[in-house]
Structures are given as structure tokens and as C-alpha cells.
Amino acid sequence: MREAHPVERAVGMDHYVSDADGTGGRLRRNPEDFRVRELEAFDREPLDADPAGYPHVLARVTLRGWDTNDFASELSDRLGISRERVSWAGTKDKHAVTTQLFSVAKVDPEDLRAAEVRDAEIELLGRTGRPILFGDLAGNAFEITVRDAAAPDAAEAVTAELRAFATGDGGDGDEDGGGSTGNGPATVGVPNYFGQQRFGSERPVTHEVGLEIVRGNWKGAVLTYVGNPHERERESTREARAYVDETEDWAGALDRLPRRLGYERSMCHRLVERGPDLESADFRAALEAVPANLQRLFVNAAQSFVFNRILSARLERGLPFHEPVAGDVVCFSQSDAPEGLALPDTDRIQRVTESRLRTVRRHCERGRAFVTAPLVGTETDLADGEPGEIERAVLDDLDLGPGDFDLPGEFDSTGTRRAILLRTDIDVGRPPEADDADDADDADALTYEFALPKGSYATVVLREYLKSDPGDL
């Protein structure tokens, strides 16, 4: 196995599973280079349905260069309503063109249709009886262009290794060469890591905040988020965060923190309001000054970090990802998943015993079952056998246990499980413009088309191909 980039190791992604050299290159030279479209799975009624029974207006929104949270805030401001009345199914990256669903509670459809938000196209779809919630989608389809690839021909060797990882086949894969540039799609697999975006693309500290929360250190969580400068940030931002670490002067921090750091400033405002003699409850109140979804994200990021660590440890032990060993916990596939997209149903799980091992392996081979690892919460039951040893060792190393996630308000989490293998059909090619030798940008470009189930990250697939600084992803 090849060691991952240091920034990736800091969030638990310790390895690449392909030993082949990467292509290099950069994602998102412009937003159009990264297109993502939600695979929708949310029922709606006609737009003229009774608002009393269906108070939420559902819209399909195409955004260019918008962070999902920021767009929700801008839209609510334009409509003159509370931000909490705007909901969505999945958080998308800012540096992209995204097509996704939003719902807005108790709004006149014509007001929503007329809302003028820059770089946003709003298409009204109908009404719903409840808001669309995080996870109310089947998955996402991606069309991605990577530019400035130093070795575009290396993509073929990476694809061959990822095909082998998807099935446990130690050979070179199928003879037809599918998945090399221009030869059509190939089925590949990678560890289902949580990508860098989960933890903060520029400043990966979200999981560190969550770990402090889970340990009951509310002040430490605030300092980790508001202070704690990172080398990738602008100098003025680093200086402001360093001031917080050195002084814990929250009023002074408001004078120094850039306006764009709205969540950090919200925490500081709350602490200034609480007065000079601050206690643990005041720091918890500061964390509760940010939107509810961000409060949940802190703890979710801590769970994601633990999950990544478990996957890295499983790789180091040489345990398979495509099939279980005795002691594993598997889940089964959703029967109503869209055609061509395998969706794990983590509400249907089963422990794998020696007597059931052969049968469950057949289910995994046919895409009917998936090996899982825990997103630890209060209701988590850890695996048995060697997989259970790995899970317990990671938790012990972090001084965590399922009971630590019994937390107040939005920070509480019961936990769940998540498939450890991310498998997809990927088509790697060259943009049509690459045939024009006069266009240097396109001559060294690669295109990737694939779809992933909800909750999985395109960058986790692409990192295997590029093997570059995560900042370039």
C-alpha cells in the first residue's frame, strides 16, 4: 500500500490502495469542471396542492460557485424569512456547478420563483408535506474534468488496480481494458472514506471540534473552531485566530476576525453577551449559536474521523473490503434503489458467523450485501472477531466509547453503520477539445464520469487517480 498525503493522514485516510503513480492535475480550475447532479428520491405533490397539507415548496436549484449553507442564508434573506425554513438533501462543494433539491416552508411559490439570487437557477417542482432533509436523495452523478495532469496515461494503471480492489482479484482485471482513457466504463472500488471536505478543505478541524464536544470539553471545542490557526489560511486570519488562542478576548476577537468567518463571529458574539465570568455552559451556548446542521456536523465529523481510522487499520491488517470475515457486520441493499446504483440499507444488518460466512460472501459478490464499519453513537454495537478488535483499538486510542455520544440537543447521536467499500462504474476519458493540440489546458486534461450513493465522496475516488495534495482536489 502507498502512504497517503500528510493532510489526508490527519483525517484518518492513511493509504492509497493503488500503488501506481498518479496522474497529477487540478480539479475545479473553474466551477464548470466539477458538475454534480443529485439522483432524486423525494416524492412531491403538484404545485397547486393544498398548502395546509403540503406547506413546503420543493425546488430544483442549479448553483454555480455557492456553498449550500451560504445559498440557504442568501435565499432566506431574499425571501425575508428565517433561514431555518430552508432545507436541503445534501451539502455540496462551493467550487462546482451543482443541481440539487431545496424545500422552503410556508412561502408563496411566486415569491420563490421571483427570488433573484446570483448564479442560481430555481425550478419549482411541487409541494411536500414535510421539509426535505439531509439524506433525502439516492446519490449523486458526477462529470469532472481534471486539468494540468502531469501523466494522464497513468490513469489506466490506476483503474486496473482499483478494479482488482473492487473484487479482491489480484490480477490485472478484465482483458478488454475497460476504464482506460477512451475504452468505456469499468467497475472500480476504493475504501469508502469520508473525504477531506467533511473535515474542512482549507482548514481540516471540524472533527477536532467534534472530538472536544464528545469529551465534554465545550471551551476546548470553541477554541479549536475560533482559534487554532492553520498554515493554509490567509495571514490576517491566522493572526486573528492566534490572538484568540493567546488572549481569549472575545470582544477583541470580533474586531480582528474577518467578516467572512460568520460562524466564528457568532460564537464570539454569544460569549460577549454571556459576560466576563464564563463557565462550561456558556461555551456550549456559543456552539449553539451556529445553525443546527453545523452543530450536528461537528459530531458527525468526529464519527467520520473514527470511521476513517477504522478503515485504515483494516487495510493495514490486510482484511478484505469486498467481502466479510467472521465477526463482521454486513448490511443489505435497498430494494428500491435506482437502476445501476447499489444503495446500502444500514437498517438491515446481520452479524457474520463462521456458519454464515460463505452465504454472506455470495450476497456481497452479487451486490446484495455490504461489509460495514460503525459511525459510533450511543446505540452502536461493535463487531466481533478481528473486525471488532480493530474497532475497539481505534476507540481506545482516542479514549472514546459509544456512551460518550449521549449529548445534549443537536450534538446527540445514536450512530449507525456505513459500507466500507465504495464501488462504481467509472468512465475515464479525454475532453473533446484534447484533440486540439493548440489548447494546452485540454491536452493534459482527463474527464471522469461516475455516480455514487449518497454520503460518498467523489474526491475519495479521484484521490487514487491524482495522488496529489488534497488542496488540488
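**Exercise 1. Decide whether glutamate 386 is buried, partly exposed or exposed.**

Solution. Start with the number: in this predicted model, glutamate 386 has 30% relative accessibility. Buried means under 20% and exposed means over 50%. Glutamate 386 therefore counts as partly exposed.

**Exercise 2. Find the salt-bridge partner of glutamate 386, and say which parts of the chain the pair ties together.**

Solution. First, look for the partner: glutamate 386 forms a salt bridge with arginine 317, and their closest N and O atoms are 3.1 Å apart. Next, place both residues: arginine 317 lies in helix 11 and glutamate 386 in helix 13, so the pair ties together parts 69 residues apart in sequence. Then check the accessibility of the partner: arginine 317 is partly exposed, with a relative accessible area of 40%.

Now turn to glutamate 389, which also forms a salt bridge with arginine 317, with the closest N and O atoms 3.3 Å apart. This pair again links helix 13 to helix 11, across 72 residues. Glutamate 389, at 45% relative accessibility, counts as partly exposed.

**Exercise 3. Work out how the buried residues of helix 13 are arranged, and what they pack against.**

Solution. Begin with the helix: helix 13 covers residues 385-397 and reaches 18 Å from its first C-alpha to its last. Now list its buried residues: Pro387, Gly388, Ile390, Glu391, Val394 and Leu395. Seen down the helix axis, they fall within an arc of 155 degrees, so they line one face of helix 13. A general rule helps here: an α-helix has 3.6 residues a turn, so residues three or four places apart point the same way.

Look next at what lies against the buried residues of helix 13: they pack against helix 11, strand 12 and strand 13. Finally, turn to the face pointing away from the buried side, where you will find the exposed residues Asp396 and Asp397.

**Exercise 4. Explore helix 11 further: what does it give to the largest nonpolar core, and is its asparagine 308 buried or exposed?**

Solution. Take the core first: it has 97 residues, and Ile213, Leu287, Tyr448, Phe450 and Tyr465 touch the most other members. Helix 11 gives the most to this core, with 12 residues.

Then find asparagine 308, which sits in helix 11. Its relative accessibility is 0%, so asparagine 308 counts as buried. Leaving out residues up to four places away in sequence, asparagine 308 touches Val11, Gly12, Met13, Tyr193, Phe194 and Phe199.

Notes:
Residues numbered from 1 in each chain as written. Predicted model: local features only at pLDDT ≥ 70, side-chain atom pairs only at ≥ 80, totals over all residues. Heavy atoms only, no water. Helix = DSSP H or I, 4+ residues; strand = E, 2+ residues; numbered from the N terminus. Expected span 1.5 Å × (residues − 1). Buried < 20%, exposed > 50% of the residue type's maximum accessible area, 1.4 Å probe, protein only. Arc of directions from axis to C-beta. Contact = heavy atoms within 4.5 Å. Core = buried A, V, L, I, M, F, W, Y, C linked by side-chain atoms within 4.5 Å. Salt bridge = Lys/Arg side-chain N within 4 Å of Asp/Glu carboxyl O.
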